[in-house]
Amino acid sequence: RHHSVDNLYFDKKQYLQWEFPKKNLKIGRILGQGAFGQVHEAWAEGLDSVVKPEKVAVKTLRERATAEEKEALKVELDQMIYVGNHPNVINLLGACTYGGQLLIIMEYAAHGNLLNYLKNKSLQLDFAYRDATNPLIVTEDKDILSFAWQIAKGMSHLESLKCIHRDLAARNILISETMVAKVSDFGLAREAYESGYYFKESKGRLPFRWMSPESLLSGQYTTKSDVWSYGVVLWEMATLGGTPYPGIPPEQMYEMLRSGYRMPRPEHCGQEM
Ligand code: ADE
C-alpha cells in the first residue's frame, strides 16, 4: 500500500516539458478540498518569464496519500496535458513531479467554483428582491446564460478529443477574474479511445445526482452521459445552486429515472428556457 512510487514520472518526456521547480513556488491558503487532495493558492516565480510571481492554483495530494491516490492525481495530470488549451477549460501551467512528489499547477480562477457563485448570488438576490413585486427569472441573468454557453463550448472541446469528463457539475466549473467559465477537475476524466465508451468497474464515490441512467445502472460513460450531466448543471443554474432531485435518496435515483421521473422545471426558470 505504501510502496514507493518515487521517480515514477522522472523519465517521462511529457512531464519534463511541464516540469516547474518547486522552490519557485510559494504555496498559500487552501482554496478547495477534494476526495484525495487539496487545491491551494500559490505564487509561481518566473513561470512565464514574467517579472512578478504569477498567482496560480496548485493541486496536491493529502499527507500520507496512498499509491492509488497518487496514481489518480497522475491520471488527472495526464488528462490535463492531453486536453490542452481552451478558454473554457482550466489550463495546466506546470507540474512538479521530481523525486516522487506530485503537484499540478493550473490557472487561478478568482471567482472560485460555480456552485458557490450561484449560492452567493441566491443570497444577494434574496436580499435585493425581498420587497420586489416582479418575479425573478434567473435564467434571464446574463452571466448565468453566458456560463451555460461557455461550459457547452468547453465540453464540446473535450468531445472533439474523445475525452469523457464523468464528473461535470457546478462544483467543478471555475469562474475566472474576467467571468470566464472553465471546466475543471479532470480526476475522473478518461479518454474514450476507439469505442467512445468508458466502463468503470470499481465503485468509488460517485456523483449519483449528475449521472445518467446508463451510468448509474452499468457504469457506462460516453459523451452523451456528459451531456446528461450538463443538463443537471443547467438545473443547478436555474435553481441558483440547488441540490438536484431534492429529498430523493441516492439509492432511489435509478429506479425513479427508470420509471420516467424527471425533475420539473424550476420555479424561477422561464418557460422558454
Ligand atoms: N478551487 C479549485 N481549483 C481552483 C482554481 N484553479 N482557482 C481557484 N479556486 C480553485
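Which backbone nitrogen lies 3.3 Å from a polar atom of the side chain of His165? It is the backbone nitrogen of Leu168. This report describes the surroundings of His165, the contacts made by aromatic rings, and the cavities and pockets of a predicted model.

## The setting of His165

His165 belongs to the loop that runs between β6 (163-164) and β7 (173-175). Its relative accessibility is 0%, and His165 therefore counts as buried, the cut-off for that class being under 20%.

Beyond residues up to four places away in sequence, His165 touches Met155, Leu158, Val183, Ser184, Asp185, Phe186, Leu188, Ala189 and Asp226. One of these residues, Asp226, appears again below, in the lining of the largest cavity.

## Aromatic rings

The structure contains one aromatic pair. It is formed by Tyr117 and Phe147, whose ring centres are 5.4 Å apart and whose planes meet at 75°, so the arrangement is edge-to-face. The two residues come from distant parts of the chain, 30 residues apart: Tyr117 lies in helix α3 (residues 114-128) and Phe147 in helix α4 (residues 142-160). Tyr117 and Phe147 are both buried.

Charged side chains are also placed over rings. Lys26 lies over the face of Trp43, at a distance of 5.4 Å from the ring centre. In the case of Arg166, the charged end sits over the ring of Tyr221, 4.8 Å from the centre of that ring.

## The largest cavity

Across the whole structure, a search finds two cavities of 30 Å³ or more. The largest cavity has a volume of about 50 Å³.

Its lining consists of Arg166, Trp210, Met211, Ser212, Ser215, Tyr221, Ser225, Asp226 and Ser229. Arg166 and Tyr221, already described as a charge over a ring, are thus both among the lining residues. Helix α6 (residues 223-238) gives the most to this lining, with three residues.

## The second largest pocket

The second largest pocket has a volume of about 420 Å³. It is lined by 19 residues, of which Gly231, Val232, Leu234, Trp235 and Pro266 are the closest to its centre.

Two or more lining residues come from each of the elements α4 and α6. The greatest share is that of α6, which gives seven residues to the lining of this pocket. Helix α6 therefore recurs in this account, as it also gives the most to the lining of the largest cavity, while helix α4 holds Phe147 of the aromatic pair.

How values were computed. Residues are numbered from 1 along each chain as its sequence is written. This is a predicted model: local features need pLDDT of at least 70, side-chain atom pairs count only at pLDDT 80 or more; totals for chains, interfaces and linings use all residues. Side-chain values use heavy atoms; hydrogens and water are left out. Rings of Phe, Tyr and Trp (its six-membered ring) pair if their centres lie within 6.5 Å; planes under 30 degrees apart count as stacked, over 60 as edge-to-face and the rest as tilted. Helices (H or I, at least four residues) and strands (E, at least two) are DSSP runs, numbered from the N terminus. Buried means under 20% relative accessible area, exposed over 50%, partly exposed in between (1.4 Å probe, protein chains only). A charge sits over a ring if NZ of Lys or CZ of Arg is within 6 Å of the ring centre and within 35 degrees of the ring normal. A polar contact is a pair of N or O atoms within 3.5 Å; within protein, one must be able to donate a hydrogen and the other to accept it, and residues adjacent in sequence count only if both atoms are side-chain atoms. Contact means heavy atoms within 4.5 Å. On a 1 Å grid over the protein atoms alone, a cavity is a set of points where a 1.4 Å probe fits but cannot get out, and a pocket is an open set with protein on both sides within 12 Å along at least five of seven lines; lining residues have an atom within 4 Å of a point. Grid points are joined across faces, edges and corners, and a volume is the space filled by probe spheres set on the points.
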